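Biologist: Could you take a close look at the salt bridges in this model for me? I'd like to know where the partners sit in the fold and what surrounds them.

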Amino acid sequence: SSVAPRTAPASAAGGVFTYYLHTSPFRIYREDSFTLRGWAWPEDGRAVTAVRINVGGSTFVGRHGLEEPEVVARYGIQPANPRPGFEVTFKTSAGRHFLSLEAQLDGAEWRSILTTSIWCEPAAP
C-alpha cells in the first residue's frame, strides 16, 4: 500500500469583507512571531465563527468576537457580528512567505479576508 503525501492546507477562496487592521502585515518581520489585530465582517452579513492565518500552509487559529466599540459606533451593529474584533498570533521564519488572513463563515466555509506576501528578516543576535 502507498501513503499519499501530506499536503498543507490551501488558502481559502477570497471573500468580500469590510475590515481594518490595527497591526499591519505590510512590514519586515524581525521577531519569530507576530500578532495581527483588527476587525472584519463579511459584506453578505454571515457570521464570522473563527479566524486564522495561513502562512505557507501552516495555520494559526486566533481569537474572534472581541469588542470594537468604535466600529459599532461608526458603522452600527452588524447583527451576525456584534463584536467584530479579532487577533491572531502566528510564527514567522526567515524568508518570504505567503500570508492569508481567513474567516470561517457560519461554522462552515473559510474565506480569505486578505492575502499578501510577507518577508521575515530576523534581527541580528
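Modeller: Reading from the N terminus, the elements go β-β-β-β-β-β-β-α-β-β-β, which comes to one helix and 10 strands. Keep in mind that this is a predicted model. The C-alpha trace spans about 50 × 45 × 20 Å along its principal axes. Of the 125 residues in the chain, 38% are buried. Take the contacts between residues at least 6 apart in sequence: 64% of them join residues at least 24 apart.

Now to the salt bridges. A search of the whole structure turns up seven of them. Let me walk you through three.

Start with Arg-52 and Glu-102, whose side chains meet with an N to O distance of 2.6 Å. Arg-52 belongs to strand E5 (residues 48-55) and Glu-102 to strand E9 (residues 95-105), so this salt bridge ties together parts that are 50 residues apart in sequence. Are these two charged partners buried or exposed? Both Arg-52 and Glu-102 are buried. The cut-off behind that word is a relative accessible area under 20%.

Next comes Glu-121 with Arg-30, a salt bridge at 3.2 Å, N to O. This pair also links distant parts of the chain, 91 residues apart: Glu-121 is in the segment after strand E10 (110-120), while Arg-30 is in the loop between strand E3 (28-29) and strand E4 (33-42). Here the partners are in another accessibility class. Glu-121 has a relative accessible area of 36%, so it counts as partly exposed, and Arg-30 is partly exposed as well, at 39%.

The third one is Arg-111 with Glu-109, where the closest N and O atoms are 2.6 Å apart. Arg-111 is partly exposed at 25%, and Glu-109 is partly exposed at 30%. This salt bridge doesn't stand by itself: shared partners join Asp-44, Arg-46, Glu-109 and Arg-111 into one network.

Now for the strands around these pairs. E9, the strand that holds Glu-102, pairs with E10 in the antiparallel sense over 10 bridges. Within that pairing, Phe-98 stands opposite Ser-117 in E10. E9 and E10 make a hairpin with four residues between them, and Asp-106 in the turn has a positive phi of about 50 degrees.

E10 has other partners too. Strand E1 (residues 13-14) pairs with E10 in the parallel sense over two bridges, with Gly-14 matched to Ser-112. E3 likewise pairs with E10 in the parallel sense over two bridges, and there Ile-28 has Trp-119 as its bridge partner. That E3–E10 pairing is worth holding next to the Glu-121 and Arg-30 salt bridge, since Arg-30 is in the loop that follows E3 and Glu-121 is in the segment after E10.

E4, on the other end of Arg-30's loop, takes part in an open sheet of four strands, ordered E2-E4-E8-E7 with antiparallel pairing. Strand E2 (17-21) and strand E7 (63-66) are at the edges with a single partner strand each, so one side of each has no neighbour in the sheet. From one strand to the next, the twist averages 25 degrees. E2 and E4 run antiparallel and are joined by five bridges; Phe-17, for one, stands opposite Pro-42 in E4.

That leaves the nonpolar side of the picture. Nonpolar side chains tend to be buried together in soluble globular proteins. The largest nonpolar core here has 22 residues, and the members touching the most others are Leu-36, Ile-53, Val-55, Phe-86, Phe-90 and Leu-101. E2, E4, E5, strand E8 (85-91), E9 and E10 each give two or more residues to this core. Two of those elements, E5 and E9, are the strands that carry Arg-52 and Glu-102. For a feel of the packing, try Phe-90: leaving aside neighbours within four places in sequence, its contacts include Leu-36, Phe-60, Leu-99 and Ile-118, along with Ile-53 and Val-55. Tyr-29 and Asp-32 are also among the residues that Phe-90 contacts.

As for the outside, the chain exposes about 7,300 Å², with carbon and sulfur atoms supplying 52% of that area.

Terms used: Residues numbered from 1 in each chain as written. Predicted model: local features only at pLDDT ≥ 70, side-chain atom pairs only at ≥ 80, totals over all residues. Heavy atoms only, no water. Salt bridge = Lys/Arg side-chain N within 4 Å of Asp/Glu carboxyl O. Buried < 20%, exposed > 50% of the residue type's maximum accessible area, 1.4 Å probe, protein only. Pairing = 2+ DSSP bridges. Axes fitted to C-alpha atoms, helices over the stretch in contact; angles between N-to-C directions. Contact = heavy atoms within 4.5 Å. Areas by Shrake-Rupley, 256 points an atom, 1.4 Å probe, with all protein chains shown as cover. Core = buried A, V, L, I, M, F, W, Y, C linked by side-chain atoms within 4.5 Å.
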